[in-house]
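Q: I am new to this structure. Please pick one part and take me through it closely, then show me how the rest of the chain is laid out around that part.
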Amino acid sequence: MAASMLCKRAAIFCWTLKGVSSLKTVVPATSQCGLLLQIATYNPKPLKLDLHKPFIPDKDSEETPEWQKTAKYDRKLYGRYGSASGIDPATLWPSPDQLEEIIADEKEWHPPLQVMLKNIAAKEKEETEKRLAKEKLIAANMAKMPKMIADWRREKRESKVKQKEEKARRTKMLAEARERFGYALDPRSAKFLEMVAEIEKEEKKKKKIIKRRLKEEQSAAPAAPPVASS
């Protein structure tokens, strides 16, 4: 507050001197002398503030800014002026809740050296376990690789054989349909699909008959005589 009043008075004084220098070309000499005399005899009112004493804002005043009424500003005043600030240092300590919050922040962001070393060791252990587990999995998969390749090749051969069989069966069905109806049929037509279903039904019936005959022959065959022991 005191600094602002001093700055204001200095600005008024500089503005006055600037006005005097600008009036030299237009104002007569007598007027200039009167103006200089008025400036020389100017006696400003003394400041109401004592610059030799610390400035302590009045917290009860409405003109005092809110930031000068905070505990943070009180700590600043006490740190600058000490007991001359009139502030009780006991009021500057944090409350129990604030103290717990500060301690929790320090534990989280500034842990002791032992805790940091322990955390580093735990992290290294976790990374080592993950690496060993990954290496074990890779080794197990590599051990299975020959069998997986053999199974893949076998499935590929079986797929090719199955495709050839399907192609041969399709060709056979088309030839049989041409022989039965006297003309080529569209494989997507209903007549061709009905013929295929009928042929499959007959094949299943034949397989059942063959299976039943084999079973009857096996049951009718005489049992082998026991070998005589010497």
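A: Start with Trp67: its relative accessibility is 52%, so Trp67 counts as exposed. The cut-off for exposed is over 50%. Keep in mind that this is a predicted model.

Now look for its partner. The structure holds 1 aromatic pair. Trp67 and Tyr73 form that pair. Their ring centres are 5.3 Å apart. The planes stand at 90°, which makes the arrangement edge-to-face. Is Tyr73 buried or exposed? Tyr73 has a relative accessibility of 12%, so it counts as buried. The pair thus joins an exposed residue, Trp67, to a buried one, Tyr73.

Next comes Gln68. This residue lies in the loop between helix 2 (29–40) and helix 3. Its relative accessibility is 10%, so Gln68 counts as buried. What does Gln68 touch, leaving aside its neighbours within four places in sequence? The contacts are Phe55, Pro57, Lys59 and Tyr73. So Tyr73 appears again: it is in contact with Gln68 and pairs with Trp67.

Move on to helix 3, which covers residues 71–81. Leu77 lies in this helix. At 5% relative accessibility, Leu77 counts as buried. Set aside its neighbours within four places in sequence, and Leu77 is in contact with Phe55, Ile56, Pro57, Gly82, Ser85 and Ile87. Phe55 and Pro57 are among the contacts of Leu77, and they are also among those of Gln68. Pro54 belongs in this picture too. Leu77 and Pro54 are 23 residues apart along the chain, and their C-alpha atoms are separated by 8.9 Å.

That is the close view. Now step back to the whole chain. The secondary structure comes to 6 helices and 0 strands. Read along the sequence, the pattern is α-α-α-α-α-α. Of the 230 residues in the chain, 8% are buried. Leu77, Gln68 and Tyr73 all count as buried. The chain exposes about 21,100 Å², and carbon and sulfur atoms supply 60% of that area. What share of the contacts with a separation of 6 or more comes from residues 24 or more positions apart? The share is 27%.

Helix 5 is the next stop. It runs over residues 113–181. Ile149 is found in this helix. Its relative accessibility is 34%, so Ile149 counts as partly exposed. Ile149 also helps to make a nonpolar surface patch, together with Ile138, Met142, Met145 and Met148. The patch covers about 450 Å².

Helix 5 carries charged pairs as well. The structure holds 9 salt bridges. One of them links Lys130 and Glu126, with the closest N and O atoms 3.6 Å apart. These two residues are 4 apart in helix 5, so about one helical turn separates them. Lys130 is exposed at 54%, whereas Glu126 is partly exposed at 43%.

Glu158 and Arg154 form another salt bridge, at 3.3 Å from N to O. They too are 4 residues apart in helix 5, which means a separation of about one helical turn. Glu158 is partly exposed, with a relative accessible area of 45%. Arg154 is partly exposed as well, at 35%. Which residues are linked with them in a network of salt bridges? Lys147 and Asp151 are linked with Arg154 and Glu158.

A further salt bridge joins Arg188 and Asp186, again by their side chains, at 3.6 Å from N to O. Arg188 is exposed, with a relative accessible area of 72%. Asp186 is partly exposed, at 35%.

Finish with helix 6, residues 190–220. It has 31 residues. From its first C-alpha to its last it reaches 45 Å, close to the 45 Å expected at 1.5 Å a residue. Which residues of helix 6 are buried? They are Phe192, Met195, Val196 and Ile199. These buried residues pack against helix 5.

Definitions and conventions:
Residues are numbered from 1 along each chain as its sequence is written. This is a predicted model: local features need pLDDT of at least 70, side-chain atom pairs count only at pLDDT 80 or more; totals for chains, interfaces and linings use all residues. Side-chain values use heavy atoms; hydrogens and water are left out. The expected span of a helix is 1.5 Å times one less than its number of residues. Buried means under 20% relative accessible area, exposed over 50%, partly exposed in between (1.4 Å probe, protein chains only). Contact means heavy atoms within 4.5 Å. Patches are made of residues with over 30% relative accessible area and no salt bridge: like charges are joined within 9 Å, nonpolar side chains (Val, Leu, Ile, Met, Phe, Trp, Tyr) within 5 Å. Accessible areas come from the Shrake-Rupley method with a 1.4 Å probe; for residues, only the protein chains shown count as cover. A salt bridge is a side-chain nitrogen of Lys or Arg within 4 Å of a carboxyl oxygen of Asp or Glu. Rings of Phe, Tyr and Trp (its six-membered ring) pair if their centres lie within 6.5 Å; planes under 30 degrees apart count as stacked, over 60 as edge-to-face and the rest as tilted.
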